Each structure stands twice: as structure tokens, then as C-alpha cells.
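Visitor: I am new to this structure and would like a close look at just one part of it. Please choose a spot, take me through it slowly, and explain the terms along the way.

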Amino acid sequence: MTTVGSFHNPLSPFGRWVGRGLWWIEHAFERARASGRAEDDTRLRIFCVLALFGAGFVVLGLGATRAALFSHAGGGAEFAQPAANARADLVDRNGQILAVDVIHWGVYVDPHEITRKPMVREALLEALPAIAPAKLDKILAGDHREFVIGDLTPEARQHIHDLALPGISFEEETARDYPLGPIGAHVIGFASKDGVGIAGAERAFDGVLRGEGGGPAPLSIDLRVQGALQDELQRAGDMFHAHGGVGLVVNVRTGEILGMASYPSFDPNAAATTDPAVMVNHAAATVYEPGSVMKIFTLAMGIDAGVATPDTLFDVHSPLVLPGQTIHDFEADKGGGMLPLKEVFTHSSNIGAARLGLLAGAGNMEHYFRSFGLFSAAPSELRESTHPILPRKLSQNIVATMAFGHAISLSPLAMVTGMSAVFNGGTYRPLTLHRLAPGQAPAPGRQVIQPSTSRTMLNLMRLNVTDGTGRKADIVGYRVGGKTGTATKVVNHRYDVTKNYASFAAVFPTDGPLNADRYVVMIALDEPHPTKETGGFTTGALVSAPAAGRVIERIAPLLGVQRIVLPGDTGGKAPVDPASLSGEER
Amino acid sequence: MILASIFKRRVRGFRVIDLTAFVVVLALAFTVYAFKTFAGREGANIVDVENQIGVEDKRVRLLRAEVATLESPDRMERLAGAIGLKPVGVDQDVTAEALPQVATAKRKLQPVEAPAPDAASNQAASNATDDAAALSPAADPEARR
């Protein structure tokens, strides 16, 4: 063997071994020739090359076969990104659609492809009157393809397509549709064309609705309840020519909001052209002085703090005089001047409530009213939930005034959230627009009053409907309780007696276990006008209570509330055993 | 040796190993072609079906929106009012157990002499009773919800 130098690998013996191998292959021909069998070397080399290429071809063939059989055919569809503004469906608690993405079409015009521009112009303007003629003229005179108009339904697109106009093309757009129109408009809210939630639940649950692969997002809203609530609110608002109005229905046990309405309503499909003032959700975003409805919290405070019982007597025979302020009652004749607390409630005596507030003191009022959530914005998924307007400090005058619902302005949502705690056994928890799954426990809350106080308040509410100012809300068989409120509004820093905020807060059924399903219905009209039927008055008892009663009559069967007609129950006169006001659980 | 004999064997002048390799390569090429063609056809079908599903899905969404509009509470309210439907009154909402009392009360209000029995009137009365029972809320608990 000829030694042809050595492969010098200064690093290791391994390098020298590799080098010797390579040279052995290179010198195979010389060896074969030396052994007299030169052709063997060539065949060997050819065979090696063939085998190498053959193996390579087999590998490539197997790979191609595998790719053909097991690749994701049509994977382009899987990997295609959803439209940037796509949103999941919004549905009510029973799966009824509230908001849904639908395919609309945008129309594009390419002037290069149009020879008879006047004909195309005339045909387009006739088929789509919403097109601005000046804009179309500019596009036709231009030199590139441009967008003309969008939001075309498939039927409208087909109609334009059937005209067979040259230069017209369409592109798909994803549009958000609100099939119910004004029903639930304020609580559903609306989204922008870019698919971003702007108001209501669309904004509150924006992240969930825009999440990838998300199914329908169910709200706690019951469309049937919402429809009845909104219909009665609309009827009352129209009847009394109110400036505005609010309706709420909640389940006090679970904290679910079943209905939320504002008057007047609007069509979220036309949100871009609607007056922004109309789109305000007054239930959450507007504050009002509540008036006598506040006495629910005042009495709950007094009874729970132990400063009074339903039978404690209060002197209401003359106005309550405070430094710089005199508190009067609307109702002059209250039978002798000394009223038990339960009659302070049923007569809606401001003097009695003020005396109770002063008896409890600023400390108790601060503690209880804060615990009821009255001193802060209602905790809610709705971003619109607004803060109350509060006095700087709870002076004697403020305590007395706040006891009957003035000197504080808060949203109806905050009021109802606090009321839920009064009527559900005493647990304060935020109201929610999330639907609770069957069997799911409500969100944990905090105990703010004793269960016995809650029972007493339910009975007082019932007494107020049978024997007090809330008679017009009573519906036979549903054991309705309620409290009226009529708050004179402040205009230019002075109370204007011609402008009221008239409200009624109802709860039903008032009997049964404290941990049973129970519902609060609130109807409030802002600046209602008197009618002949109301004798020129615009109190909560006359304008809001009847509407609340009608709502209860319509929704109680939907909510599964059993109608129990007691002997002698003729609507408003079911007797309440005074002993039941002790607060003992039944 | 056996390996060498395999390499040396010939058929009609061609080495067996060469012929075998040639046949294997042809078979591989044909197999790959067949699978690619088959898979390509199926892939095209799948894309077609998925496109159709996409189109139908959009149509379904549009139809669901239309159904929601048609079933909206205010429209139902208007339709119900137009055909004279009203909410169930307190005196119409009874349990099955209370039906005999309701019947007794009605009979007291409007006493009617029983007609002469005959087959036709008996059958008509039976049918009317069955229909009333079927339509009453007591017979259909769902109607009371």
C-alpha cells in the first residue's frame, strides 16, 4: 500500500482515523486494479450510489405519501383568522338572542370598468337611496376602486347583483345586529363597527364576547320579563308624559337582574344616529333623590339597631323644627299625633322618619347606609354604574333629611342593590348580569342586618300595600309589598314643587322562607305630568305603583310564583296579623 | 456468498437486482401519484363542504336573528292584542283540585235543565267536555307558567 502522506489532525486520533477511512475509499480503485479486478470497484461504487439514491427516493416517496394522506386538507379554512370585529352571540338566560353577528355587504365601484357611468349612477341611486349622490359622483369621476356604502343585507346585495351593473363588486362585512330593536336596548348596549363594546352588556362583557372560540354569552336577563317591564314602563311614561323613567326587576336571593329598562328607549341598530341623551341607562348612570322609598332603609336601620320596633310611638303631630329647617308631612290627618313606627311607614310620615333617624344617630346611619351600599356606586359589571351625590358630613339636619330620602342622590341600581339585602335575609351582594347556572350558589355577600329584621321589613312592605300608600300596586294572590316615593326635584338650587321623581319599590312574594326566590320590582318616573285620572297629582302612589302592579301581574306566572288567594283577599285588603311584625321567621 | 449470488443472478441479460430495483421504483412512483391524486380529490371535497358549511352557518345566523325579531316581546304583545288574547285573570287560574268547586259555583249562578238525552247530544257534550279539559290551564301546567 502506498502511503500518500498522512491526514494530519492536530486535535485527536479520531481525526486521523476518519482520514485513513476516506483515503481507503479513494484508493479502492488502485487496490482493485492491483488485485486484477478493476471492474469490481466500479460496480461497487455504482451500487452504492444507486442504493443511496434509491433510499433517498423511498424516503421522499414515503414523506409525500404521508403528507398526502394525513395532511389537513382544506386546512386553510381552519387556519383562517376570524373577522377582526367578530363577537360571540349575546343571549338571555333562556338562550333567546339579544345580539348577534350577521354578514352584511359593502358595495365597491371601480370606475375603470364602467363605460356608461350615468346609467350606473342612476341605477345605484334608485336601488340604494341611502347613497349620497355627491359621494357617488366623486367615486365615478375617480380613477380607482372605492367603497360606496355598507351594511347591505344579503337580500339587498342580491338585488344589486341582479341589476348586472358593470364595475360593481361586493365585500363581506361582519355587522352586529340587535334583532329586538328597543327591547332591552340600554342593558344590552351596543358595539362599534370595529367590534368593540361601547355601552351596556356589550361593553361589560367585551373581553368574553371577543374571545376566540367563545360560545354564546348568557345574561341573567329574562327576555319575557324584560318585555313586560319595558312595555309597562313605556305605557306609564307615555301616559304621564314623563321626562324619563326607570324599571328594574331583580331576584333578591340570587342577585340576578332579570330586567332593566330606561324610558325612552332607542334602537341600538341606529345608535350612530341616536341622541346620546336617550342612550343613557338611567337605572345605572343617573342619580336621583329617592324620596320616601329611602324609609325602607331608615326603618331597617332603626329596627336592626334596636332603637325602635314596629310598635314604637313617634310624635308626628306637628312639624319637626331643626336649626334652619322645618320638616313637614304631606298627610295632615294622622289620627291623634302619635303613630307607631309601622304607621309612620304606611302613612309615609317624613316627621316620623326624621325622628327615627335622629334617634338612631349619625353613627348608625353612616354604618347602615354604607353597609347597604348607598354611599358608593352600585357594584356592577356595567361600567355606567355611577357614584352617588353625598353630603360632606352627616349633621343633625342631614341625618333627619336623609331619613326620608333627601340630601342624597343615588342611582336606582344602587337603591335596588341595597333593597335586595333588606329583603333576602340581610345579605348584601352585588347584583349581576351573569346568569347563574342551575344549582350554582350566588356570590358571597356580607350580612348587614339580622334575618328577623328582614322578615319585619317584608311584613311592613306588605302592610303598606294592604293598608298604606301602596294599594294601587296590589295584585290578588301574589302577596305584594311595596313603598312609594315622591321626591321634589331640585331645579336651579331650589326645590321645584312642579317637578317630581315618582317611584315605587315592590317586593313579592312577601311570605315564605327568607331564602326563597323573591323579586324586587322598581318603577320610577322622572318628572311625570298630572292627568285628570290622577286628580292633578304625580305621586309615586298614583303614577308608579299601578305600573309596578301590572308588571308583577304579567311576570309572576313567568317566574313561577304561585298565586295564593287568601280568604278575603280582594286586592289590597289581605289582612296582616300585627303579631307577624315581630320578625319571627315563619 | 449468498449475497454475492443475489447480485450476480441475471434474467435475459439483466441483473435481477437491477430489475427488482426498477420495479420497486416504478411501484413507489405510482403509489405516491395515486395517493396524492386521491388525497387531493378528497381534500378538494373537504374544502367544498367546509365552504358550504360556512355559508350555511352565516345563513343560520341570519335566520336566527330574523326569528328573534319575529318573536320579540313587543311584536308578540301586538299580535296577542290583535286577536283578543289577554293575561290570565285571577278567577281563571285554578288547580285541578279546585275544578269541582268552580263547576259548582257556575252551576249555582246559571242553573240549566238537562236536555233530553240522545246519542248525538251526548257525544257533542262529551267532546266539548274533553276539549275544555284539554284547553284549561289546569290540564296543562306549562300554560300556567
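Guide: Let us begin at Pro264(A), which is found in the loop between β9 (257-263) and α12 of chain A. Helices and strands here are DSSP runs, of H or I over at least four residues for a helix and of E over at least two for a strand, numbered from the N terminus. Please keep in mind that this is a predicted model, in which local features need pLDDT of at least 70 and side-chain atom pairs count only at pLDDT 80 or more, while totals for chains, interfaces and linings use all residues. Residues are numbered from 1 along each chain as its sequence is written, chains are lettered from A and ligands numbered from 1 in the order in which they are written, and side-chain values use heavy atoms, without hydrogens or water.

The peptide bond leading from Tyr263(A) into Pro264(A) is cis, with omega near -5°. That is worth a pause, because most peptide bonds are trans. Chain A has another cis bond, between Phe508(A) and Pro509(A), where omega is about -15°. Pro509(A) sits in the loop between β17 (494-508) and β18 (519-526).

Now follow the chain to the other end of our loop. His282(A) belongs to helix α12 (residues 282-285) of chain A. This histidine counts as buried because its relative accessible area is 15%; buried means under 20%, exposed over 50% and partly exposed in between, with a 1.4 Å probe and protein chains only. Contact, the next term, means heavy atoms within 4.5 Å. Beyond its neighbours within four places in sequence, His282(A) is in contact with Gly245(A), Val246(A), Ser262(A), Tyr263(A), Ala277(A), Tyr288(A) and Pro412(A). Tyr263(A), one partner of His282(A), is also the residue before the cis bond to Pro264(A).

Two other partners, Tyr288(A) and Pro412(A), lead us to an enclosed space. On a 1 Å grid over the protein atoms alone, a cavity is a set of points where a 1.4 Å probe fits but cannot get out, and its lining residues have an atom within 4 Å of a point. Grid points are joined across faces, edges and corners, and the volume is the space filled by probe spheres set on the points. One cavity of 30 Å³ or more is found in the whole structure, and the largest holds about 40 Å³. Tyr288(A) and Pro412(A) help to line this largest cavity, together with Pro290(A), Leu410(A), Ser411(A), Met415(A), Tyr501(A) and Met522(A).

Leu410(A) and Ser411(A) from that lining fall in the loop between α16 (396-402) and α17 (412-423), where Ala407(A) lies too. Ala407(A) has a positive phi, near 70°, without being a glycine. Most residues other than glycine have a negative phi. With a relative accessibility of 24%, Ala407(A) is partly exposed. Ala164(A) also has a positive phi, of about 55°, and is exposed at 62% relative accessible area. You will find Ala164(A) in the loop between α7 (154-162) and β4 (168-177) of chain A.

Stepping back, chain A as a whole has 20 helices and 18 strands, and 52% of its 586 residues are buried, His282(A) being one of them.

Terms used: On a 1 Å grid over the protein atoms alone, a cavity is a set of points where a 1.4 Å probe fits but cannot get out, and a pocket is an open set with protein on both sides within 12 Å along at least five of seven lines; lining residues have an atom within 4 Å of a point.
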